[in-house]
Structure formats: C-alpha cells, structure tokens
Amino acid sequence: MEKTFTILCPTDFSECSLNAIEYACKLGEKHQAHLILFHVLNREDYLKLAPRDPEGKHQLDFVNQKLRNLQIAVEEEGIKNGLKSCGIALKEGKIVQDTLSFAQEKKVDLIVVGTEGMNELRENIIGSRSSRLVEQSDRDILVVPRKVFFKRPRKFVYASDYLEEDKLAIQKVVEWAAFFNAEIDLVHVSSSHKAIDKILHMTMVDEIKPFVRYDKINYVLKSYRDDLALGLENYLQVAKGDILVTLSKKKSFFDQIFSKNLSKKMSYFLNKPLWVIKSF
C-alpha cells in the first residue's frame, strides 16, 4: 500500500501562518496529501489572558474551535482540488521541540511554516523559531514569508554546491516543478571567476543530466565576489525565481549561506519561500 504524502503545518493563527496554510493546502492538492494543522499551547500565555480559568478549559475550547474553523475552510477549498484529507492537532508544550517531535511521530514528509509572524498571544517575532525548526528538523521544510501569498510557481531556483546528493535532491524538485509545469534553474554561485569553476560546473552538469528527466531545466554558473547569500538573492530576483531550494548537507550552500546567524540570513529571502531539502 502506497504511503500517503503527509504535510504538517504549525499555526499560531497569525497572518504569516495563514499564508503557510495556503501554501500547504496547494501543495497538498498536488501531492494528494494528508494535511495536519498543528498548534502548540503555551499555558503561561493563556493564564495571563484568562487568570480566572487556571485549568485553561475555556482557552482550550477557544483554540480547538479556531483550529476546527481552519480545518473546515481548508477542506472546503482543498478536497475538491485533490487534497486527500485535513486533520487538526493540539499540544501543550514548547513550539519547536514539540512540533519536531510530532513530525517524527506522524512520519510527515514536509513541514510548512510561516516566518516573521506575530504571535497574537504575545509580542514575539517567531522568525527565530522558524530558524530553529529549519536547523533542527530532519524533515523537508518550506518556509513561507509573511507577505507572500500563494501563486503558481513558474520557476524553482535550486542552489547547488556540486554535491553527490544533488542528484537525488533535484529529482524532488523536478516532481514539484512538474506539478506546475515550472522551470528549474540549477545554479551555483561562486566567489571567484576561476577557470576551475567552469570546469567543475560542466562536469556537474554532465553528471546530473542523466538523473533529470525534465525539459525545463537550466544549468547556471554565477560569480559574486561578496556575500554568497546576497549573490543568490540577487540571482533569485533577476531570474524571477518563485521558490528557492537548498540542500541541508555539510559543505553545501545551506551551510555557507544559512548556518551562521540563520535568522538574519533568512531575512534576505523574506519575499520568496525557502524549501530546505533534508532527506530523500
């Protein structure tokens, strides 16, 4: 029996998490997936809002109802377009730790999370939580910026560092791109203009082509002497890419661009979703 593709979407009911739900639903339609809307309760926050409800029953009912309303909205829009099902889950604890534990428990294939969201129960930017989810997750994760609303992606930009794992990761990108008949730019950003870069690039292209059965893919080598993250951002803008894809492996673009001060680096791409491939 074929396993159903499962997407987990944490929500704090903020604008950015609602954008993430929209992305999760649209991807779920293409994958014919099971989507889980997930909320982590923080008892301290709710006690401040309702000190006369120490057991948190009314707040629990309130959050359950909000999740249920979201579930109904997703089902009404998504089921008719291919989404298999939508469930909800609620847990009390720590957002990052419990989200990742739940993802492992349910064997989810993808986590879709919003960034730069304002938790409506406390004045806290959750961008740092998104960063920790990306760093600590062993599942693929799609980070959706607060002001980015879903539109059919026309181009995926895959940041390559000539790793052997690129051959497997690019096949995932091809699957997504095919859903939307989108282009793929497989791009390597170098900090030099050395001839060796061109040779490595040509070698990588020759090695990876047999693994890619897709017509709409471009192989690009770009040189950018300054910060590689800025170079990649520049390419993403100029090439009109809709989703940035990177592989989270040692010595990869992910480490060069995102591992140092990940929250700050992620801010470079706040106008484009970031898909971090973690496993195959």
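These questions and answers concern charged residues in a predicted model.

User: What makes the contact between D109 and K3 a salt bridge?

Analyst: The closest N to O separation of the two side chains is 2.8 Å. The cut-off is 4 Å between a side-chain nitrogen of Lys or Arg and a carboxyl oxygen of Asp or Glu, so the pair D109 and K3 counts as a salt bridge.

User: Why is this pair said to tie together parts that are apart in sequence?

Analyst: D109 lies in the loop between α4 (95-105) and β4 (110-115), and K3 in the segment before β1 (6-10), so the parts they tie together are 106 residues apart in sequence.

User: Why is D140 called buried while K172 is called partly exposed?

Analyst: Buried means under 20% relative accessible area, and partly exposed runs from there up to 50%. D140 has 3% and therefore counts as buried. K172 has 22%, so K172 counts as partly exposed. The side chains of K172 and D140 meet in a salt bridge at 2.7 Å, N to O. K172 belongs to helix α6 (residues 166-180) and D140 to strand β5 (residues 140-145), so the pair ties together parts that are 32 residues apart in sequence.

User: How do you know that K216 is partly exposed?

Analyst: Its relative accessibility is 34%, which falls between the limits of 20% and 50%, so partly exposed is the term that applies to K216. K216 sits in the loop between α7 (195-208) and β8 (217-223).

User: Which residues gather with K216 in a patch of positive charge?

Analyst: K30, R152 and R154 gather with K216 on the surface.

Note on methods:
Residues are numbered from 1 along each chain as its sequence is written. This is a predicted model: local features need pLDDT of at least 70, side-chain atom pairs count only at pLDDT 80 or more; totals for chains, interfaces and linings use all residues. Side-chain values use heavy atoms; hydrogens and water are left out. Patches are made of residues with over 30% relative accessible area and no salt bridge: like charges are joined within 9 Å, nonpolar side chains (Val, Leu, Ile, Met, Phe, Trp, Tyr) within 5 Å. Accessible areas come from the Shrake-Rupley method with a 1.4 Å probe; for residues, only the protein chains shown count as cover. Lys and Arg count as positive and Asp and Glu as negative; His and the chain ends are not counted. The place of a charge is taken as NZ of Lys, CZ of Arg, CG of Asp or CD of Glu. Helices (H or I, at least four residues) and strands (E, at least two) are DSSP runs, numbered from the N terminus. Buried means under 20% relative accessible area, exposed over 50%, partly exposed in between (1.4 Å probe, protein chains only).
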